[in-house]
Amino acid sequence: MEDEDFNQFAAFIKKKTAIDLMQYKEAQMKRRLTTLREKRGFATFVAYSQAIDKNPVLFDEFLDRMTINVSEFYRNPSRWEVLEKRFLPQMLQQHGRLKIWSAACSTGEEPYTLAIMLAEMNALHKVDIWATDLDNGVLDKAKEGIYVERSLRDMPPTAQKKYFSEHDGQYVIDEKIKKAIRFEQQNLLADTFQSGYDLIICRNVMIYFTEEAKQLLYSKFAKALKPGGLLFVGSTEQIFTPSRFGLETADTFFYSKTAE
């Protein structure tokens, strides 16, 4: 009965939002949503779904809980350094203009990190940066560009001083950096992707998906890259057989699309 209750809830969510909860690791997702459901006083997922359908506040809270909104600037700094010192200079030299996508961008730290790097290279005017997430709530926070000090702990001090202003313990990102990024809502698993990307960054999200969903996404990302384009994944998301998707290892957690 418990499984059927959750299955009915998943069917309702898929119909309402096109989000397929069955493509997420069930134990993790079910535990997270059960906690939220019980906190709001609903004994079953069916009752919770009826409430969500009528109450936009509950629905937004559900979306926020099911998405993973943990992010920092320069998360895993050594990997960002490889991007900054090796791959971005190569791309800028080879192409007149870069098309870049930060997928599952959360509250914006990732695409803003990239924009700051490019600004430091005097190349921000040579790129188009698109950033997407499933959750409109975190996208609103990303567009505001206001962060707590903890989010900046791996930020180089010179960059922090140059691109942020501090107000009452919060750090506001520079307007030039903010304007360089276009934020939009997107469902990675259900929506079609644009193509011709030089760089796709999708980090620390795949670990929450089933193996089938991961394979679907890797295939979609590979098709969205131009030949030689680069996919940058998180530190726990190594692709063990990248050739299956038309990719090859370029560096640790970097994969390039093989020539067609």
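Visitor: How are α2 and α4 oriented to each other, roughly parallel or roughly antiparallel?
Guide: In this predicted model, the axes of α2 (residues 26-39) and α4 (residues 56-66) come within 10 Å. They cross at roughly 150°. Angles over 145 degrees count as roughly antiparallel. The two helices are therefore roughly antiparallel.

Visitor: Is the crossing of α2 and α4 left-handed or right-handed? And what kinds of residues make the contact?
Guide: From α2 come Met-29, Arg-32, Leu-33, Thr-35, Leu-36 and Lys-39. They meet Glu-61, Phe-62, Arg-65 and Met-66 of α4. The crossing is right-handed. The contact residues divide into 5 nonpolar, 1 polar and 4 charged.

Visitor: What is the strand order in the open sheet of 7 strands?
Guide: The pairing in this sheet is mixed. Its edge strands are β6 (181-185) and β9 (247-251), each pairing on one side only. Neighbouring strands are turned by 25° against each other on average, direction ignored. The order is β6-β2-β1-β7-β8-β10-β9.

Visitor: At the β6 edge, which residue of β6 stands opposite Ile-129?
Guide: β6 pairs with β2 (residues 127-133). The two run parallel, with 5 bridges between them. Opposite Ile-129 stands Ile-181.

Visitor: Which helix lies across β2 and β6?
Guide: The helix spans residues 136-144. It runs at about 165° to β6. This is α7.

Visitor: Which strands does α10 touch, and what angle does its direction make with that of β8?
Guide: α10 packs on the sheet. It touches β1 (98-102), β7, β8, β9 and β10. Its direction and that of β8 make an angle of about 135°.

Visitor: Is the crossover from β7 to β8 left-handed or right-handed?
Guide: β7 (residues 197-202) and β8 (residues 225-233) run parallel, joined by 5 bridges. Ile-201 stands opposite Phe-232 of β8. The chain gets from β7 to β8 through α10 (residues 211-224). This β-α-β crossover is right-handed.

Visitor: Which residue of β10 is the bridge partner of Phe-232?
Guide: β8 is joined to β10 (residues 254-257) by 3 bridges. Those two strands run antiparallel. In β10, Phe-232 has as its bridge partner Phe-254.

Visitor: Which residue in the turn between β9 and β10 has a positive phi?
Guide: β9 and β10 run antiparallel and share 4 bridges. Glu-248 stands opposite Ser-256 of β10. The strands form a hairpin with 2 residues between them. The positive phi, about 70°, belongs to Phe-253.

Visitor: Which strands stand at the edges of the open sheet of 3 strands?
Guide: The order is β3-β5-β4, and the pairing is antiparallel. Each edge strand has a single partner strand, so one side of it is left without a neighbour in the sheet. The edges are β3 (146-148) and β4 (164-167).

Visitor: By how many degrees are neighbouring strands of this sheet of 3 strands turned against each other on average?
Guide: The value ignores strand direction. It is an average over neighbouring strands of the sheet. The turn is 35°.

Visitor: Which residue of β5 is the bridge partner of Ser-165?
Guide: β4 and β5 (residues 170-173) pair in the antiparallel sense. There are 4 bridges between them. The bridge partner of Ser-165 in β5 is Val-172.

Conventions. Residues numbered from 1 in each chain as written. Predicted model: local features only at pLDDT ≥ 70, side-chain atom pairs only at ≥ 80, totals over all residues. Heavy atoms only, no water. Axes fitted to C-alpha atoms, helices over the stretch in contact; angles between N-to-C directions. Parallel < 35°, antiparallel > 145°, perpendicular 65-115°, else oblique. Left-handed = near helix turned anticlockwise from the far one by under 90°. Contact = heavy atoms within 4.5 Å. Nonpolar A, V, L, I, M, F, W, Y, C, P; charged D, E, K, R; others polar. Pairing = 2+ DSSP bridges. Right-handed = clockwise from strand over helix to strand, strands pointing away.
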